[in-house]
Amino acid sequence: PRAVQKEIPIWLATGGTPESSMRAAEFGLPITYAIIGGNPRRFKRNIAVYRAVAENRGYRAEDMPVAVHSWGYIAETDEAAQREFYAPTKVTH
């Protein structure tokens, strides 16, 4: 099917390297950080780099969307989620 927008929106997705943050900002692209492990706070520095480079390139930081992609599992209870999700997830690591 055809896109509903005149221009197809392009986002740069990254696992969180500062270089990826700078690259997205240099091109004026929105960025999505994939947080698949570790502390999400570590992305704070990359977001600051992203916004600083974007502003240096003439983009307004408020026009540069930042998104986060993370996975999880929801069940009726915490115990059910752990029981259902832990074993299959452990196998993938």
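# A walk through the β-α-β-α-β-α chain

Start by selecting Thr32: it is buried, with a relative accessible area of 18%. Since buried means under 20%, Thr32 makes the cut. One thing to keep in mind as you click around: this is a predicted model.

**Stop 1: around Thr32**

Thr32 sits in strand S2, so select residues 31-35 to light up the whole strand. Next, show the neighbours of Thr32. Leaving aside residues up to four places away in sequence, Thr32 touches Trp11, Leu12, Ala13 and Thr14, and also Ala67, Val68 and His69. Keep Thr14 and Ala67 in view, as the tour comes back to both.

How much of S2 is covered? Four of the five residues in S2 are buried, and the strand is mostly covered.

**Stop 2: across to S3**

Now add residues 66-70, which form strand S3. S2 and S3 pair in the parallel sense, over five bridges. Look straight across from Thr32 and you'll find Ala67 of S3 standing opposite. To follow the chain from S2 to S3, colour residues 43-56: that is helix H2, and the β-α-β crossover running through H2 is right-handed.

Before leaving this stretch, pick Arg60, in the loop between H2 and S3. Is Arg60 buried or partly exposed? Arg60 is partly exposed, with a relative accessible area of 49%. If you like, draw a distance from Arg60 to Met22: their C-alpha atoms are separated by 15 Å, with the two residues 38 apart along the chain.

**Stop 3: back to S1 and Thr14**

Go to Thr14, found in strand S1. Thr14 counts as buried, at 6% relative accessibility. Which residue of S2 is the bridge partner of Thr14? Tyr33 is the one to click. S1 and S2 run parallel, and three bridges join them.

Show the contacts of Thr14 too. Not counting residues up to four places away in sequence, Thr14 touches Ser20, Ile31, Thr32, Tyr33 and Ala34. For a longer view, draw a line from Thr14 to Arg2: the two are twelve residues apart along the chain, and their C-alpha atoms are separated by 27 Å.

**Stop 4: helix H1**

S1, H1 and S2 make a right-handed β-α-β unit, and H1 is the piece to select now. Take residues 18-26 and turn on the side chains of Ser20, Ser21, Ala24 and Ala25, the buried residues of H1. They lie on the same side of H1, because they cover an arc of only 135° around the axis. What do the buried residues of H1 pack against? Show S1 (12-14), S2 and H2, and you have the packing partners on screen.

Step just past the end of H1 to Gly28, which takes a positive phi of about 70°.

**Stop 5: helix H3**

Select residues 78-92 to bring up helix H3, then pick out Pro88 within it. Pro88 is partly exposed, with a relative accessible area of 47%. Now draw a line from Pro88 to Glu19: these residues are 69 apart along the chain, and 33 Å separates their C-alpha atoms.

**Last stop: zoom out**

Finally, show the whole chain as a cartoon. You should be able to tick off three helices and three strands, which follow the pattern β-α-β-α-β-α along the sequence.

How big is the spread? Along its principal axes, the C-alpha trace spans about 50 × 40 × 20 Å. The radius of gyration is 17 Å, where a compact globule of 93 residues would come out near 12 Å.

Switch to a surface view to end. The accessible surface comes to about 7,300 Å², and 56% of that belongs to carbon and sulfur atoms. What share of the 93 residues counts as buried? That share is 24%, and Thr32, where you started, is buried. As for contacts between residues at least 6 apart in sequence, 48% join residues at least 24 apart.

Note on methods: Residues numbered from 1 in each chain as written. Predicted model: local features only at pLDDT ≥ 70, side-chain atom pairs only at ≥ 80, totals over all residues. Heavy atoms only, no water. Helix = DSSP H or I, 4+ residues; strand = E, 2+ residues; numbered from the N terminus. Buried < 20%, exposed > 50% of the residue type's maximum accessible area, 1.4 Å probe, protein only. Contact = heavy atoms within 4.5 Å. Pairing = 2+ DSSP bridges. Right-handed = clockwise from strand over helix to strand, strands pointing away. Rg over C-alpha atoms; globule rule 2.2 N^0.38 Å. Areas by Shrake-Rupley, 256 points an atom, 1.4 Å probe, with all protein chains shown as cover. Arc of directions from axis to C-beta.
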